[in-house]
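Okay, thanks everyone. Let me put the model up on the screen, and then I'll walk you through it.

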Amino acid sequence: MPTIGVNRDALFKSLGQTYTEEGFDELCFEYGIELDEVTSEKEQIKKEQGEQKATGASDAIIYKIDIPANRYDLLCIEGLVQALKVFLQKESAPDYRCVAPLNGLKHKIIVTPATQKIRPYCVGAVLRNITFTKEVYDSFIDLQDKLHHNIGRKRTLVSIGTHDLDTITGPFTYDAQTPSDIKFISLNQTKAHTAPELMELYSKDSHLKSFLPIIQDSPVYPVILDSNGVVLSMPPIINGDHSKIKLSTRNVLVEITATDLTKAKVALDTIVTMFSCHCDEKFTVEPVDIVGHDGTVVETPGLPYRQETVNANNLNKKIGIDLTASEIANLLTKMCLRSEVTNADSGEILVTIPPTRSDVIHACDIIEDCAIAYGFNNIVKTFPRSVTVGGQQLSMKLSERLRVEMAGAGFTELTFSLCSADDVGTKMRQVGKNMDNLAVHISNPATLEFQVVRTSLIPGLLKTAGSNRKMPLPVKLFEIQEVVLKDGSRETGARNERRLAAVYYNKTPGFEVIHGLLDRLMQILEIKWESTNPELKGKGYCIKGAEDPSYFPGRCAEIYVHGKAVGKLGVLHPEVVTNFDLVCPVSALEINLEGFY
C-alpha cells in the first residue's frame, strides 16, 4: 500500500478540528485507511542518515498514513482532507466541472503520427488561476511522483508533465524525433543538451537513471514543443527548464503521455480534481483539445460522472446488516458517492460515481464502501446459515506431512516462485527445449530475475544454495510447492503441478543421501520397493537409469511409482553446478506429487 506523509498541524487546520493521536487513528480506521507512523522530518533524517545530518531539520509532527493502492484520490493532503470532510459530513462532495476559457479558445495539443512508434497517447488540461504556496507546491510534485510510481508503473505506462502556461505559447505539438535532433535546457540545468547527452548525464542520477531504459533503445524519443519550438518536456524522462512551475505560477498546463489511454485519463482526472480546489473558481478545470494523429479531436479531461443502481436488500445480505434504502444512501453519500432512493418499495438506489473514484468499477465496490461507512466493527457476528465441515485439501494435507518429514531429515525449505528464463533453461542445460512453449512468461517483469513462472523447483534451490555457499557444509534444501506449465487443453492455457524437490550440496555428491531421502518419502507414503518382491511389479516404486542434460551422464535415474514416471534423482552435471556459482557437487531429487493424494 502507498504511504503519504502529511503535516499534522496543516491536516488538522484543513479539517477544522484537532484530534489526539488515538482519536485520529480511530478516524483513519473508520474510513478504511491506517495511521502507520507518527514521526517528524528530523526523526526521519536521523533514522536514515544519522544524527549529524538531522541538525536543523524541522520538528513538525508528520503523520504517515497507509492508503489503499486503488485510491489515487487520497494520495495527497488535498484529496485526503476533502474525503474526510465529506465522511464527517462537514461538507458535501464537490461538483467538478470543465469550463470554457474566457476568450473561448481552447489550447490544443497536436499529436503527430511518429508518436505511434513509442508512446501513442496524450491527454492534457489547464488549471487556471491557481494559487501555490510552498506546501501546495510540494504536495503537487509529490502527487505526481506517487502517480508515476503507482498507476504509471514507474512511468512506463503514464508520464506526467506540468508547465507554467504563461511562459509558453500554444498550440502545442506532441512529436517523436531522432534523439540527436532534440536539444533543450532540461529542468534545473544551465545549458542545453541533446537527448543522447541527457541520457548520459542522467545515467548517474539516482532518481532518473531507472527511467532511461523506457526509451533509451528507441530510434525516436517523444518530445512536446510549443508553437515557437520551445521544448516543454521529453517524456518520460525530464521536463524543460523554460516552463518549470514556480510559486508565482498562476496557470498550469498538465500534459500526460502514455502507453495506456485509460490510465492516462485516470491520472489526469486525479491531478486536476485534487488541485482545482486551489483555483480561484474552485473545482473547475479548463479542457484541452487533443488533435490525434488521424485528425480526430478529443476534449480532455472528460471528468465523467456515471451512475450505478444497487439494491438495498442485496447490499444488506452481502454485508450482513439490516438498513433501509434511505440509510444506505446516506452512508454512500458519506463516501463521496452521492446516492438517492429511486424506488423505496424495491429498495433501488441510484449511485453517482465522481471522476475522483476510478476505483469503483462494479457494484461490489459500492457495497464495500457502504460497509466501510457503516463500520466493520458495527457488523454483528453471526453463524453461517449453512452447516458445513471444513478441512484441509488433500494436496495441502500431504504437503504438510511431507514437510515435517523433510525437516526431520535435516533439510531446510525456502525459495522463490518466479525466476529468469535462463534459470530453467540455459543454466539447467535444457538448451534443446523451447522455454516459450513450456514456461508461462510474465508480461511486465520487474527484473530479469523474475521473467517466468518456474517449471522446476530445482533452479530456485540451486540459486539459494549459491547465495549461501559460505555456510557450513553440507547444505540441504527442499521445497514442496507448485510449478506452472503451459497446457493448451486448459481454459487458462496453463496448469499447476505440485512437486517436491531437494538438493544436497557437499564436498562429495551424496547420491546415497538423496536416494535415502526418496526411500523415506516412499515409506511415509506407504509405497513399497517393488524390486524385492516380484508380486509388486508395477504396484510399488523403483528407479531406472535415464539420461537428462541437467544430470551427470550415468548418474541420473527416473522414479517410477505404480508403473508411471513421477520424477528424477541423481547427481547434477558440473556445468549446471558452476552456472549457479557453486563449487562442490550437488545431488538432487524432484518428484510430482499429483498422483499421491
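I'll go from the domains to one helix, then to a sheet, and finish with some backbone oddities.

Just so we're clear, this is a predicted model. The protein splits into four pieces: domain 1 is 3-88, domain 2 is 97-189 plus 206-300, domain 3 is 306-375, and domain 4 is 394-592. Going by C-alpha atoms, the centres of domain 2 and domain 3 are 35 Å apart.

Let's stay around domain 3 for a moment. An unreviewed UniProt entry annotates residues 303-381 as "domain: B5". In the model that span is 38% helix and 23% strand, with 40 Å between its end C-alpha atoms.

The piece I'd like you to look at here is helix 10, residues 363-374. Its twelve residues reach 17 Å from the first C-alpha to the last, close to the 16 Å you'd expect at 1.5 Å a residue. So which residues of helix 10 are buried? They are Asp365, Ile366, Ile367, Asp369, Cys370, Ala371, Ile372 and Ala373. And what covers the buried residues of helix 10? The cover includes helix 2 (21-31) and helix 4 (77-87), along with strand 17 (306-311), helix 8 (312-319), helix 9 (325-334) and strand 19 (348-353). Right after helix 10 comes Gly375, with a positive phi near 105°.

Okay, on to the sheet. Seven strands make up an open, mixed sheet, and the order is 20-23-24-28-27-26-25. Strand 20 (412-413) and strand 25 (541-545) are the edges; each has a single partner strand, so one side of each has no neighbour in the sheet.

Take the strand 20 edge. Strand 20 runs parallel to strand 23 (residues 475-486), and two bridges join them. Thr412 has Leu477 of strand 23 as its bridge partner.

Now the other edge. Strand 25 runs antiparallel to strand 26, with five bridges between them. The two form a hairpin with five residues in between, and if you zoom in, you'll find Lys544 opposite Glu558 of strand 26.

Then there's helix 15, residues 511-524. Helix 15 lies across strand 24 (494-505), strand 25, strand 26 (551-561), strand 27 (564-572) and strand 28 (586-592), and makes an angle of about 25° with strand 28.

Last topic: the backbone oddities. As a reminder, most peptide bonds are trans, and most residues other than glycine have a negative phi. So where are the exceptions here?

Peptide bonds to begin with. The bond from Gly170 to Pro171 is cis, omega near 0°, and Pro171 sits in the loop between strand 7 (158-164) and strand 8 (172-177). Leu473 and Pro474 are also joined by a cis bond, omega about 0°. Pro474 is in the loop between helix 14 (458-467) and strand 23, so that takes us back to strand 23, which pairs with strand 20 because two bridges join them. Now for phi. Asn188 has a positive phi near 65° and isn't a glycine; its place is the loop between strand 9 (183-184) and strand 10 (193-194). Cys336 isn't a glycine either, and its phi is positive at about 70°. You'll find Cys336 in the loop between helix 9 and strand 18 (338-343).

Are these two buried or exposed? Asn188 counts as exposed, at 59% relative accessibility, whereas Cys336 is buried, with a relative accessible area of 12%.

That's my tour, happy to take questions.

Technical notes
Residues numbered from 1 in each chain as written. Predicted model: local features only at pLDDT ≥ 70, side-chain atom pairs only at ≥ 80, totals over all residues. Heavy atoms only, no water. Domains from an automatic or database assignment. UniProt positions renumbered as here; feature names shortened; annotations may be inferred. Helix = DSSP H or I, 4+ residues; strand = E, 2+ residues; numbered from the N terminus. Expected span 1.5 Å × (residues − 1). Buried < 20%, exposed > 50% of the residue type's maximum accessible area, 1.4 Å probe, protein only. Contact = heavy atoms within 4.5 Å. Pairing = 2+ DSSP bridges. Axes fitted to C-alpha atoms, helices over the stretch in contact; angles between N-to-C directions.
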